[in-house]
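Hi,

Here is the structure I promised to pass on. Have a look at it first, and then read on for what turned up.

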Amino acid sequence: MRSLTFVFGTGRSGSTALSRILNAHPDVLSLNEYMASVGEAAFPPGRVDGEEFWRALSRPAPHFERMIRSGLPLPEFLHTRRPGRYSTRTSGIPALSLMVLPHLTDDPDSLLDELGAAVVRWPERPAAEHHRALFDLLCARFARTAVVERSGYSTGWAPGLRETFPEARFVHMFRDGPDCALSMSRHPGYRAISLFREIRTRSRVDSFADLTPEHVRALPPDLAPLLDDRFDPSLVRDRHIPLRAFGTLWSELVIEGTEFLLRLPAGRRATLSYENLLDHPVEELTRLAGFIGVAPDPRWLHAGSALLDHGRRGSAATLPATERAVLRDTCAPGARALES
């Protein structure tokens, strides 16, 4: 019987490299950015048949499509770097094709066709059972025995995943706060996240579904266009966003993640520090393999260690002293949560 593990956290914490490392293990099905790709649309309430479930997996992800159309693709978008037959200019890029399937195979279009032909014939059942069946189908296809899903900026997903998949294990991955916050500040996705958080704050709404035309008209001209189907990428790329905004975001996400982890049974939870992974790759990957339920294959440990980028460590040390101090202060609540 296969195991199911979710690696969650702030993102910009070495988690993409971890997905590549896990993908190299002969027994691990590495679902790279699966939750970020399929989103809430793939978890409808009640019972759905295979055709409806497949539509949720194969429709384009609206927020990612908008970023591509606007000339602001994320570096995590594998399909745009090695294009298949889909494009935002035509039918849109299916959710599974953007980051999930290209991580597993050099021919993601054929794999999408293969999966679709099977899934549309599935009977009516709850969405969670469809997801489990899809995981089983992919495990059989790639001869894997353990499923590990990893998405960036995924802390908010964790409670719902725990409820939907009570059998799952969870790994909270994190990185030094100032380094992670600085990385966020340079990433188009996290810059957009920060601006969307500002829109919600200014509009005093909890969800974009609550935004009214009056809210939008009240927004400044450098924020309102971000809600359009296409926007000027310089609005995200060039706008000054204080570093403290990303330090605050890091702390909020880390506190949320640590509090969630503490609510889990001891055998269902684990932590993974990016810095510990850099310093002790063989020991940390061996521990992770045991938690996932696979053997620490020596060749995999060697290959995985080689995939780690030590050059990313200590990046915040290059900042001016005043900016470093601001980041340390805004990251302090999250750091304390990790130490407790």
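How much space lies in the largest cavity? About 40 Å³, going by the computed volume. Keep in mind that this is a predicted model. A search of the whole structure turns up one cavity of 30 Å³ or more.

The lining is a good way into the rest of the fold. Its residues are Val7, Phe8, Gly9, Thr10, Gly11, Ser13, Ser15, Arg150, Ser151, Gly152, Ser154 and Met173. Strand 1 gives the most to this lining, with three residues.

So much for the cavity; now the sheet. It is open, with five strands in the order 2-5-1-6-7, and the pairing is parallel. At the edges you have strand 2 (28-32) and strand 7 (269-273), each pairing on one side only. From one strand to the next, the twist averages 20°.

Strand 1 is worth a closer look. This strand covers residues 3-9 and pairs with strand 5 (residues 146-150) in the parallel sense, over five bridges. Strand 1 also pairs with strand 6, again in the parallel sense and over five bridges. If you want a residue to start from, try valine 7: its bridge partner in strand 5 is arginine 150, and in strand 6 it stands opposite valine 171. Both Val7 and Arg150 are among the cavity-lining residues. Phenylalanine 6 stands opposite phenylalanine 170 in strand 6.

How many residues of strand 1 are buried? Seven of its seven, so to speak of a covered strand is fair: because buried means under 20% relative accessible area, each of them falls below that cut-off. The cover is on both faces, with Ser3, Thr5, Val7 and Gly9 buried on one side and Leu4, Phe6 and Phe8 buried on the other.

Strand 6 is in a similar spot. Five of its six residues are buried, so strand 6 is largely enclosed by the rest of the structure. Strand 6 runs parallel to strand 7, and five bridges join the two. In that pairing, histidine 172 stands opposite threonine 271.

Helix 1 (residues 15-23) lies across strand 1, strand 2, strand 5, strand 6 (169-174) and strand 7. Its direction is at about 150° to strand 2.

Two loop residues deserve a check of their backbone. Arginine 12, in the loop between strand 1 and helix 1, has a phi near 55°, which is a positive value in a residue other than glycine. Tyrosine 153, in the loop between strand 5 and helix 10 (158-164), also has a positive phi, near 50°, and is likewise a residue other than glycine.

Are these two buried, exposed or in between? Arginine 12 has a relative accessible area of 22%, so it counts as partly exposed. Tyrosine 153 is partly exposed too, because its relative accessibility is 31%.

Further along the chain, look at helix 19 (residues 321-339). Where does helix 19 bend? The bend is at alanine 332 and comes to about 50°, with a proline, proline 333, following within four residues. Leu327, Thr330, Cys331, Gly334 and Ala337 are buried in this helix. The buried residues of helix 19 pack against helix 11 (177-185) and helix 15 (243-262).

One last stop is proline 123, which sits in the loop between helix 8 (108-119) and strand 4 (125-126). Which residues does proline 123 contact, once its neighbours within four places in sequence are left aside? They are Val48, Asp49, Gly50 and His130. For a sense of scale, proline 123 and arginine 313 are 49 Å apart in space, C-alpha to C-alpha, and 190 residues apart in sequence.

If you only have a few minutes, I'd start at valine 7, with arginine 150 as its partner in strand 5 and valine 171 opposite in strand 6, and then move on to the bend at alanine 332 in helix 19.

Cheers

Notes:
Residues are numbered from 1 along each chain as its sequence is written. This is a predicted model: local features need pLDDT of at least 70, side-chain atom pairs count only at pLDDT 80 or more; totals for chains, interfaces and linings use all residues. Side-chain values use heavy atoms; hydrogens and water are left out. Two strands pair if DSSP finds at least two bridges between them. Axes are lines fitted to C-alpha atoms, for helices over the stretch in contact, and angles run from 0 to 180 degrees between N-to-C directions. Contact means heavy atoms within 4.5 Å. The bend at a residue is the angle between axes fitted to the seven residues ending there and the seven starting there. Buried means under 20% relative accessible area, exposed over 50%, partly exposed in between (1.4 Å probe, protein chains only). On a 1 Å grid over the protein atoms alone, a cavity is a set of points where a 1.4 Å probe fits but cannot get out, and a pocket is an open set with protein on both sides within 12 Å along at least five of seven lines; lining residues have an atom within 4 Å of a point. Grid points are joined across faces, edges and corners, and a volume is the space filled by probe spheres set on the points.
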